[in-house]
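Thanks for coming. I have one model to go through today, so please look at the screen while I talk.

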Amino acid sequence: MADYFDEMGWEPVALEDTQRHQTILMVRALLDNGYLPEEMFQGQQLAPPASKEVVRNLPERKPLPDDESCSICLKPNGELPDVFKVLPCSHEFHQSCILPWLNKTNSCPLCRYELKTDDPDYEERKKFRERQKQREEELEGLHNSMFG
């Protein structure tokens, strides 16, 4: 029989991260039960830069003559002999245009798709927001199935 973590697809918290994890759980419980205003934790911290490893491993491609211009610099392809970096959302930018952007923030400048970061606290908050959104969708689906 599989244990709880295997069933849920989770990994146990490492011993050295236990105290930080318990603090996060306590703050979440206070937020969920209305003891702390959510505004305290929203909009105060900018998104961190994209992970160095993720940026390093982005696929590259040579520009073609019929390509559109880069959405950041808006220069036609012939003017910059630069390679294109392809983000996971399939948007492409000149390497010299997108690398400074990704060194400041972790999102695509066009669609705001978020790349992984090296900041464990930000990644934890991102997972929490995704789980919260999923719970709201499940609750809405349950409500609609009962009263729809």
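I will start with the overall make-up, then take the helices, the salt bridges and a few single residues.

Please keep in mind that this is a predicted model. The secondary structure comes to five helices and three strands. Along the sequence the order is α-α-α-β-β-β-α-α. Of the 148 residues, 22% count as buried. The accessible surface comes to about 11,200 Å², and 55% of that surface belongs to carbon and sulfur atoms. For contacts with a separation of 6 or more, 44% are between residues 24 or more positions apart.

Now helix α5, residues 120-147. How far apart are its end C-alpha atoms? They are 40 Å apart, which agrees with the 40 Å that 28 residues should span at 1.5 Å a residue. Asp119 caps the N-terminal end of α5, with a side-chain oxygen 3.1 Å from the backbone nitrogen of Asp121. The buried residues in α5 are Tyr122, Glu123, Glu124, Lys126 and Phe128. What do these buried residues pack against? They pack against α2, residues 18-32.

The same check on length can be made for α2. Its 15 residues should span 21 Å at 1.5 Å a residue, and the end C-alpha atoms are 21 Å apart, so the two agree. After α2 comes Gly34, with a positive phi near 80 degrees.

Glu124 in α5 is worth a stop. At 18% relative accessibility, Glu124 is under the 20% limit and therefore counts as buried. Leaving out residues up to four places away in sequence, Glu124 touches Ile24, Arg28 and Arg131.

Next, the salt bridges. Side chains of opposite charge can pair when their charged atoms come close. The count here comes to five salt bridges, and I will show three.

In one of them, the side chains of Arg20 and Asp121 meet at 2.8 Å, N to O. This pair links distant parts of the chain, Arg20 in helix α2 and Asp121 in helix α5, 101 residues apart. Arg20 has 33% relative accessibility and counts as partly exposed. Asp121, at 34%, also counts as partly exposed.

Another joins Lys85 and Glu60, at 3.0 Å, N to O. Here Lys85 sits in strand β2, residues 84-86, and Glu60 in strand β1, residues 60-61, with their positions 25 residues apart in sequence. Which category does Lys85 fall into, buried or exposed? At 5% relative accessibility, Lys85 counts as buried, whereas Glu60, at 49%, is partly exposed.

The third on my list is Glu123 with Lys126, at 3.6 Å, N to O. Both lie in helix α5, three residues apart, about one turn of the helix. An α-helix has 3.6 residues a turn, so residues three or four places apart point the same way. Glu123 and Lys126 are both buried.

Two more residues, then the surface. Cys97 is in helix α4, residues 95-102. It counts as buried, at 14% relative accessibility. Beyond its neighbours within four places in sequence, Cys97 is in contact with Cys70, Ile72 and Cys73. Cys97 and Asp82 are 15 residues apart in sequence, and their C-alpha atoms are 9.4 Å apart.

Ser107 is in the loop between α4 and α5, and is buried with a relative accessible area of 8%. Residues up to four places away aside, Ser107 touches Trp101, Leu102, Arg112, Tyr113 and Glu114.

Lastly, Tyr4, Phe5, Met8 and Trp10 make a nonpolar surface patch of about 420 Å². Tyr4 belongs to helix α1, residues 4-8.

How values were computed:
Residues are numbered from 1 along each chain as its sequence is written. This is a predicted model: local features need pLDDT of at least 70, side-chain atom pairs count only at pLDDT 80 or more; totals for chains, interfaces and linings use all residues. Side-chain values use heavy atoms; hydrogens and water are left out. Helices (H or I, at least four residues) and strands (E, at least two) are DSSP runs, numbered from the N terminus. The expected span of a helix is 1.5 Å times one less than its number of residues. Buried means under 20% relative accessible area, exposed over 50%, partly exposed in between (1.4 Å probe, protein chains only). Contact means heavy atoms within 4.5 Å. A polar contact is a pair of N or O atoms within 3.5 Å; within protein, one must be able to donate a hydrogen and the other to accept it, and residues adjacent in sequence count only if both atoms are side-chain atoms. Patches are made of residues with over 30% relative accessible area and no salt bridge: like charges are joined within 9 Å, nonpolar side chains (Val, Leu, Ile, Met, Phe, Trp, Tyr) within 5 Å. Accessible areas come from the Shrake-Rupley method with a 1.4 Å probe; for residues, only the protein chains shown count as cover. A salt bridge is a side-chain nitrogen of Lys or Arg within 4 Å of a carboxyl oxygen of Asp or Glu.
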